[in-house]
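Me: I would like to go through the charged pairs and the chain contact of a model, one question at a time. Please reason briefly before each result.

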Amino acid sequence: MKNIQYLLVGIIFGLALTKGEAISWYRIQEMFRFESFHMFGIFMTAVPTGALGLFLIRNWNLKTMEGNSIDMPVKKYHHGVIIGSLIFGFGWALTGACPGPLYAQIGSGSLVTITTLLSAIVGTWTYGRFQNYLPD
Amino acid sequence: MNILYSPWSWYITGPVIGMTVPLLLLIGNKQLGISSTLRQICEACLPSSLPLLNYDWKKDSWNLFFAGGVLIGGWIGGILLANPEPVAISQSTAAYLDSARVHDRSGLLPSELFSWSSLATTKGFLMMIVGGFFVGFGTRYSGGCTSGHGILGLSALQWPSFVATSCFFLGGILFSHLVLPFILAL
C-alpha cells in the first residue's frame, strides 16, 4: 500500500519532467549552450520549493504519516563528487537525460532509450567493480 | 490549444518537482534520488560480491515503485497528453542544430540521433550507449544525480551537492561545446 504512494509521487514527478520538457534532448542542449532560461528556471524554482519543505519539516518538527521521525539529508564529500559528476555531465550532454528522465523518456515512447538505461546499469556495475582502483 | 496538451512553463514544473522532496519524507522518510535505482537493478539482476552492490535492494524497493511512477508519468505526459507542437527551443539552438544536421523536431528527442536504426551507427552508439554508460558510472561515482544532489542535496544546503551540481553543469557545458559538435558531424 505504501509503495502505491511512492508510485503516485513518481507519476507526478515524471509528468512534471515530461510536460516541463526536462527530458528533452533539445532542452538540455539549449541549457548547456545558455540559449534559454527554461531549464535554469526549473532548477531555480525546484530547489527553493524543496528547501522550503525541508525548513517547514524541521521547524514544525513534522513526523512521517506513521509518526516516525524524519532524517535530514546529509551528503558527504569525496573526490568522486568532482570526477564522477564531470563524467555524468558528459553523459547528460550526450543522452539529454539524467537517471530520472531515462525512465520518463522510455515511458514517453522512446523505447530505444531502454538500451541507454541498460548501458547506465552496466556503468553503475562497472563503477562497483573498479571502485577500489579509482581515486576516492 | 487545449491546456492539457500544452507544455508546462518552468515556474509550474520547478515547484512540482521540488514538492516531491518533502512529500517523500512525509510519506515514509524517503530521500529523493533516482540514480540509486540503477544500483538496485544491478543488485537484483547481477548478483555479485561487489561491496557497492552488496546490500539488500528489497529494503529500498520503494524507489523502484517511484521509478515505475516516473515511467508512467512519462507515458501520461508524452503520449496521453502529448504536445502536438515541436519543443519551442530558442532560435539560436534551432540554428545550431540545423547546422549540425539535426533537423527532426517532431518529438522530445531528435529521431536522427535516438532511434533503433541509428543505434548501429558510430554516432548513435556514442550518444545512446556511451552516453548511458557515463550517466550510470558518473552518478554512482559521484554518489547522486540531478535529483539526489541537484534537487534534494541543494535543498538541504549540502555543500558537496553544490560541488556535484556545479560539476554536472561544467561537464555538460564543456562536452556540449568542445566534443559534441564533432560527434554530431560524424
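**Salt bridges and the chain interface**

Reply: This is a predicted model, and a convenient place to begin is the pair Glu30(A) and Arg27(A), which form a salt bridge with their closest N and O atoms 2.8 Å apart.

Me: In which helix do Glu30(A) and Arg27(A) both lie?
Reply: The two residues are three apart in chain A, about one turn of the helix. Both Glu30(A) and Arg27(A) are buried. The helix that holds them spans residues 25–32 and is α2.

Me: Which residues are linked with Arg27(A) in a network of salt bridges?
Reply: Besides its pairing with Glu30(A), Arg27(A) meets the side chain of Glu21(A) in a salt bridge at 2.9 Å, N to O. The residues linked with Arg27(A) in the network are therefore Glu21(A) and Glu30(A).

Me: Is Glu21(A) buried or exposed?
Reply: The cut-off for a buried residue is under 20% relative accessible area. Glu21(A) has a relative accessible area of 3%, and its partner Arg27(A) has 7%. Because 3% falls under that cut-off, Glu21(A) counts as buried.

Me: Why does Glu35(A) count as partly exposed, when Arg33(A) is buried?
Reply: The side chains of Arg33(A) and Glu35(A) meet in a salt bridge at 3.3 Å, N to O. Buried means under 20% relative accessible area, and partly exposed runs from there up to 50%. Arg33(A) is buried because its relative accessible area is 18%, whereas Glu35(A) counts as partly exposed because its relative accessibility is 21%.

Me: How many salt bridges does the rule find across the interface of chain A and chain B?
Reply: Over all chains, the structure holds five salt bridges. Between chain A and chain B there are 29 residue pairs in polar contact, counted with both residues at pLDDT 80 or more. For salt bridges across this interface, the number that the rule finds is zero.

Me: What area do chain A and chain B bury between them?
Reply: The contact takes 109 residues from chain A and 129 residues from chain B. Of the area buried, 76% is on carbon and sulfur atoms. The total that the two chains bury between them is about 10400 Å².

Me: Which three residues supply more of the area that chain A buries against chain B than any other three?
Reply: Together, the three residues in question supply 9% of the area that chain A buries against chain B. They are Lys19(A), Tyr26(A) and Lys75(A).

Me: How many residues of each class does the side of chain A that touches chain B have?
Reply: The elements that give two or more residues to this side include α1 (2–19), α2 and α6 (113–130) of chain A. By class, the residues on this side are 58 nonpolar, 38 polar and 13 charged.

Terms used. Residues are numbered from 1 along each chain as its sequence is written. Chains are lettered from A and ligands numbered from 1 in the order in which they are written. This is a predicted model: local features need pLDDT of at least 70, side-chain atom pairs count only at pLDDT 80 or more; totals for chains, interfaces and linings use all residues. Side-chain values use heavy atoms; hydrogens and water are left out. A salt bridge is a side-chain nitrogen of Lys or Arg within 4 Å of a carboxyl oxygen of Asp or Glu. Buried means under 20% relative accessible area, exposed over 50%, partly exposed in between (1.4 Å probe, protein chains only). Helices (H or I, at least four residues) and strands (E, at least two) are DSSP runs, numbered from the N terminus. Contact means heavy atoms within 4.5 Å. Buried area is the accessible area (1.4 Å probe) that two parts lose on being put together, summed over both. A polar contact is a pair of N or O atoms within 3.5 Å; within protein, one must be able to donate a hydrogen and the other to accept it, and residues adjacent in sequence count only if both atoms are side-chain atoms. Ala, Val, Leu, Ile, Met, Phe, Trp, Tyr, Cys and Pro count as nonpolar, Asp, Glu, Lys and Arg as charged, and the others, Gly among them, as polar.
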